[in-house]
Each structure stands twice: as structure tokens, then as C-alpha cells.
Amino acid sequence: MFVELVDVVGALDRDELAASFQPIVELRTGRLTGFEVLARWRHPELGLVLPENFIFLAETNGLIGSLTKQMLHNAFQTATALPDPLTLAVNLSPIQLRHSTLPRQIQETAEEFGFPLTRLTLEITESALLHNLDSAKIVARELKNLGCSLALDDFGTGYSSLRHLQALPFDVLKIDRSFVSAISSARESRKIVAAMVGLARSLNLTAVAEGIEMERQAQMLIRLDCEQGQGWLYGRPAAAEDLPAIVAAFPREPLNVPNVSNEVVTVSSLEARPMQRLAQLQAIYDGVPVGLCFLDKQLRYVSLNRRLADMNGASVESHLGHTIQEKYPKWFPLFEPYLLRALQGEAISGVEILRPGAMPGDPDRTILVSYQPAWDEAEEVIGISLSVLDITEQIRLGEIARENASDIVETGRAVPWSMDRNGLNLHLDARWRNVPESERKGLHKLAWLDALHPDDLRAATMAIKVALRTGAPIDMEYRVRDADQQWRWMRSRGSARIGTDGEITRWFGSVVDIHERKQLEEVLLKSKPPSASAFDAATPAPL
Ligand code: C2E
Ligand code: MG
Ligand code: MG
């Protein structure tokens, strides 16, 4: 659609510009917080013309000031019908931050309608670079002094976002809808949005997601802790006369988002696993005959499955948020040394513990505990996954010789690896396979695959190919020939490091020797056929 400049001038003169109002909501509660005011041009012949067709013309021809004035006028006029504390967000063009008269104009217009500026947010899109940051800073500061809030609009689309964020006193960060639209399907978008929300939080800004069209996008945003949002799901931009009905239709029914802390989902698996699988995972998590939990760095229970809660003789909920020491002071010293080692990054599997009964008179239990540290992208340990297997009965029935069970105590540390974005240039720590340097030739190419058991080769190659193509984390198990020519089971896990351009820069991960655990599983599977499949599901299968 081509609109002549003369039309824009005419539109301003003839009062054809109208304000359209889009609801902004608090995502978690479904409560209305206010409206964004969007310009519409009711063209006598063309009908409703969208801003993309005239804002640019207004900006480049010195008309944007008049346009903004008209929008503020329309907005404040309408706002008399809006209950306090609903807010209005009006868009400014970045070039307007050069105009030192802007704060006074806004103040005068607001006073005319008696609209308190503490309920006004001014959105500044960051797609255009602010040429003169110094004068922008002065204008922004004055606007803040008047009580207005400032929002950085379309965050993530411009090339100087961080510079603007640092330089100007923003209160709100609006995540561009291009990231939101892919949030429930593309892992990268999810990671970017998670990072943006984290950034907003750390700078004390309110994160607002734009362009929410589907429930599952809203659910994911809630999980990522994004506070507010707008989009067709909550309401399209509407005419001023429709506002009372829209206001009356809120609050919306809050979306059903399962409690994150009750699930297997941890920081890293949240982004790794598609939403649709969460319910399924929860069922598996609860159903497996192994106690599972995730502890954060302070050793607080972040998640826990029903099995472990039952083993501990308490409800799932009563654990969450408490440290293991608070909850089980009597048992804590038995776990503490291993927990501390795991916090240092060591994976420890199959530690046998003779655990006294929870209550006086309860029998002692023999449990096997594995500790798996979880790392974030920066390779910092963020918590520990624990798996707990009660082998009291097996030992009583003589299915596992006591000496074997205690043999399962493993000392092997996680062996770190890294590789480039193409899966080449592999760096694998010398401890892999425990073989001398002379036998480790070729590890830096793809020759490490030669050391794999032929039956595991295809799955391992596929796992890597899929990961390289999709960026999904690597999690695979395979057998490898050790120095004594014996096959040993290994589990390799890793994730991609993403550069500032959103591309994968390198992969980092670690390999853990899980041979004893695998052997134990085999013993248990043979002895317990009915729960075999569920147990299997607890162990991440090779991709
Ligand atoms: P914006 O400030 O980022 O506004 C959000 C845009 O996303 C609006 O487009 C809105 O209609 C659209 N939108 C909202 N929810 C959804 C959704 O769920 N899906 C999709 N696909 N789109 C959604 P609109 O009204 O066409 O405005 C476009 C841009 O024009 C605005 O982007 C803003 O930068 C600019 N603009 C609008 N009004 C004004 C104004 O009065 N002054 C200035 N300077 N710029 C304005
Ligand atoms: Mg905006
Ligand atoms: Mg925007």
C-alpha cells in the first residue's frame, strides 16, 4: 500500500488519526495492567491504514510531533473511562528524544485531561539507533522526573540494544514478537527469551512479551518468569468505545501452568524438552521405581518424584524448597561428603548407604545413591540430580551379593570434552577410556568412534548428527573398549554454547563411566520383570 505524504498531512488536519488500544496483562494471573496505544488511520477510501504505512513518512517529514500529540490527546481523552491503576503505553519515535520540548508537551497534554503521568509509559523502539545519546539521556531523565515510565520496545531487533539499555533509565523491556512467535517450537528462541527475561530481572525492569497468539506461548513465558504480555490471545487492538467492555472481561482465567518445581524440569532440561512432553515426563518421573530428585546449589529440593517422597515417608510438597539438611538432619551426614563432591562437579554413582529408619522402630534400609552434577551453559554446577534405589529386599533375598553392591561405589570422575560446531576438532580429556597417550591417536577427529562397540555406533553417530543439526543437547550411552580390552558403559552428555549471533560456537560436555550402574540395572531388571519398562524409562535412552 502506498500512501502519499500529502495524505498524512491531510489526515492530521482532518483528525483522521485514531488511537487503538491493545490490552497488556499480567501473565501469571491474567489480570489487566493497561493498554498500549497504537495509531490507526481511518482513511476515507483505503479504510484502516496501519502505522507501518505512515509512521515513517511522519518521522521523515517533521510530522511525528503532531502525530504523537494527537495520539496522547486521544489516549488521555479515552482514559477518563479507565479505572486507576490501569496504565497507558504510548509509542514515541526515537528521534523525538532529541526534542527538548517533548517532556513539557506531554505534561501539558496530560494536565489538560487530568491524567496522572505515573500511569503513562512511553515506548521507544530501539530499531533506530539513537544518534545523540547525550540529548536523549536528558529528555529521558526529564520524562522520568515527571513520573512517566520508559519502555525499550522491540527488544532484540536492533543492533545497539544493550548500549541503549545501559544508557537510558528504562523501566520496561518489551521482548519483540519475533522471539515470542517461535518460543514454543524453537529451542533457540526459548533460550533467547529466557536470557532476555533474566536480563530484565537483573536490571530490575519489567519484562513484557509482545505478540502472544497462542496459549502455549503464554505458558512457556510464564515458565520463563516473564511478568507481562500482550497479543491476540489477550486481545487485538480495539477502538476506544470498546474499552469498557474489554476492561469488564478481565481478569481472565489464569492459564493452567503446572508447577515447575513439582516436575522433572530443571534449568537445563526446561529448554531441552518440548512442552508437550512435560506431562508425559512427569508421569514417568513419578512412575519409575527409582527415587529421583534435583537439589539446587544450596542443596534445596527443587524437584522430587513421588517414589522418593514415599521412600522418605513424607509428601512431595513438604520437601520442596527445604534443604536436605533441614528436612533430614539425621541422614544428612551420610550424604554430605558425596553431595559436596558432586557440587565440585564430580559424578558419583551407586554409593551404598545403610540408612536408619525415619521413625524410631522403622527398619534400616540399604539404598544405592547416584549423584550427577548439573551444569549450566557456562559450565558452572547449578545443582545435583540424585537417584536413589532401595536394594534392601534384593540384599535380603540374596539377589545381590553384599560384596558386589559395595563394589559399585565408583570413584571415576566426569571426563570433560568439547568439540566444534561441526562435530570435529574434538578435545577429550586423557582420562577417557583410561588408555595410554599412544593409543589415543585420532581422538581429535572422528576416530574416537572406532573405539565404540559396533552395536552402539549407529545410535551414537545419529545422536551427534541430530544434535549438530538441531542444537538439542547430547545425551547418549555407549560401550567403549578400555585398556584391558573390556567393554565399559559410558554416558556422554553435552550442550551447545551459543554465541551472541545466536549461532552455535562450540559444544561442551562430559563423559561418565556408568558401567557398574548398567550392570546393576541388568541384575534388577532380571529380578523384577513387571517394572522393567518403567525402570528403563528412567534411564535416558541413547538418542
Ligand atoms: P509496537 O509498538 O511494537 O506495537 C506492537 C505491534 O504488534 C502492533 O502493530 C500490534 O498491532 C502488533 N501486535 C500485537 N499483538 C500481536 C499479535 O499477537 N500478533 C501479531 N502478529 N501482531 C501483534 P501495529 O499497530 O501495526 O504497530 C506497528 C508499530 O508501529 C508499533 O510496533 C510501533 O512501533 C509503531 N507505532 C504504532 N503506533 C505508533 C505511534 O503512535 N507513534 C509511533 N511513533 N509509532 C507507532
Ligand atoms: Mg510499542
Ligand atoms: Mg514492539
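## A quick tour of two magnesium ions, a ligand and some odd backbone spots

P85 turns up in the loop between helix 3 and strand 4. The peptide bond that joins D84 to P85 is cis, with omega at about 10°. Keep in mind that this is a predicted model. We'll come back to the backbone later; the metals and ligand 1 come up before that.

**The magnesium ion called ligand 2**

- Which residues hold this ion? E36 (OE), N91 (OD1), E123 (OE) and D153 (OD) coordinate the magnesium ion (ligand 2), at 2.0 to 2.3 Å.
- If you follow the chain, the donor residues of this ion are spaced E-x54-N-x31-E-x29-D.
- Distant parts of the chain get linked here: E36 sits in strand 2 (residues 31–43) and D153 in strand 6 (residues 149–155), 117 residues apart.
- Is E36 buried or exposed? With a relative accessibility of 4%, E36 counts as buried.
- D153 counts as buried too, because its relative accessibility is 5%, and the cut-off for buried is under 20%.

**The magnesium ion called ligand 3**

- This ion has protein donors in D153 (OD), D154 (OD) and E210 (OE), with E210 (OE) listed twice, and they lie 1.9 to 2.5 Å from the ion.
- Along the chain, the donors of the magnesium ion (ligand 3) follow the spacing D-D-x55-E.
- D153 is in strand 6, while E210 is in the loop between strand 8 (206–209) and helix 9 (215–223), so the pair ties together parts that are 57 residues apart in sequence.
- E210 has a relative accessibility of 10%, so this residue counts as buried.
- How far apart are the magnesium ion (ligand 2) and the magnesium ion (ligand 3)? They are 4.1 Å apart, and D153 coordinates both.

**Ligand 1 and its surroundings**

- There are 24 residues around ligand 1, and E36, R40, D153, E213 and W232 come nearest.
- Spot the familiar names: E36 and D153 are in that nearest group, and both also coordinate the magnesium ion (ligand 2).
- A nitrogen atom of ligand 1 lies 3.0 Å from a backbone N or O atom of A39.
- The side chain of N91 has an N or O atom 2.9 Å from an oxygen atom of ligand 1.
- For D153, an N or O atom of the side chain is 2.8 Å from an oxygen atom of ligand 1.
- On its own, ligand 1 has 800 Å² of accessible area, and the protein covers 86% of that.
- Strand 2, helix 3 (64–79), strand 4 (87–92) and strand 6 are the elements that give two or more residues to the shell around ligand 1.
- Which element gives the most to this shell? Strand 2 does, with four residues.
- As for where ligand 1 sits, the space taken by ligand 1 is the second largest pocket.

**Helix 9 and what follows**

- Seven of the nine residues of helix 9 are buried, so this helix is largely enclosed by the rest of the structure.
- If you want to find those buried residues, look for Q217, A218, Q219, M220, L221, I222 and R223.
- Just after helix 9 comes D225, which takes a positive phi of about 75°.

**A pair brought together from far along the chain**

- E26 and C226 are 200 residues apart along the chain, yet their C-alpha atoms are separated by 9.0 Å.
- E26 has its place in strand 1 (residues 17–26).
- With a relative accessible area of 24%, E26 is partly exposed.

**Backbone oddities**

- Here's some background: most peptide bonds are trans, and most residues other than glycine have a negative phi.
- Besides the cis bond between D84 and P85, the peptide bond from F250 to P251 is cis, with omega near 0°.
- P251 belongs to the loop between helix 10 (243–248) and helix 11 (267–272).
- D154 isn't a glycine, but its phi is positive, at about 50°.
- You'll find D154 in strand 6, and D154 is also one of the donors of the magnesium ion (ligand 3).
- L299, another residue other than glycine, has a positive phi near 65°.
- Where is L299? Look in the loop between strand 11 (291–296) and strand 12 (301–304).
- L299 counts as buried, at 9% relative accessibility.

Technical notes: Residues numbered from 1 in each chain as written. Chains lettered and ligands numbered in written order. Predicted model: local features only at pLDDT ≥ 70, side-chain atom pairs only at ≥ 80, totals over all residues. Heavy atoms only, no water. Donors = N, O, S within 2.8 Å, 3.2 Å for Na, K, Ca; no water. Buried < 20%, exposed > 50% of the residue type's maximum accessible area, 1.4 Å probe, protein only. Near = heavy atom within 4 Å. Polar contact = N/O pair within 3.5 Å; in protein donor to acceptor, adjacent residues only side chain to side chain. Areas by Shrake-Rupley, 256 points an atom, 1.4 Å probe, with all protein chains shown as cover. 1 Å grid on protein atoms, 1.4 Å probe; cavity = no way out; pocket = protein on both sides within 12 Å on 5 of 7 lines; lining within 4 Å. Sits in = over half its atoms within 2 Å of the grid points.
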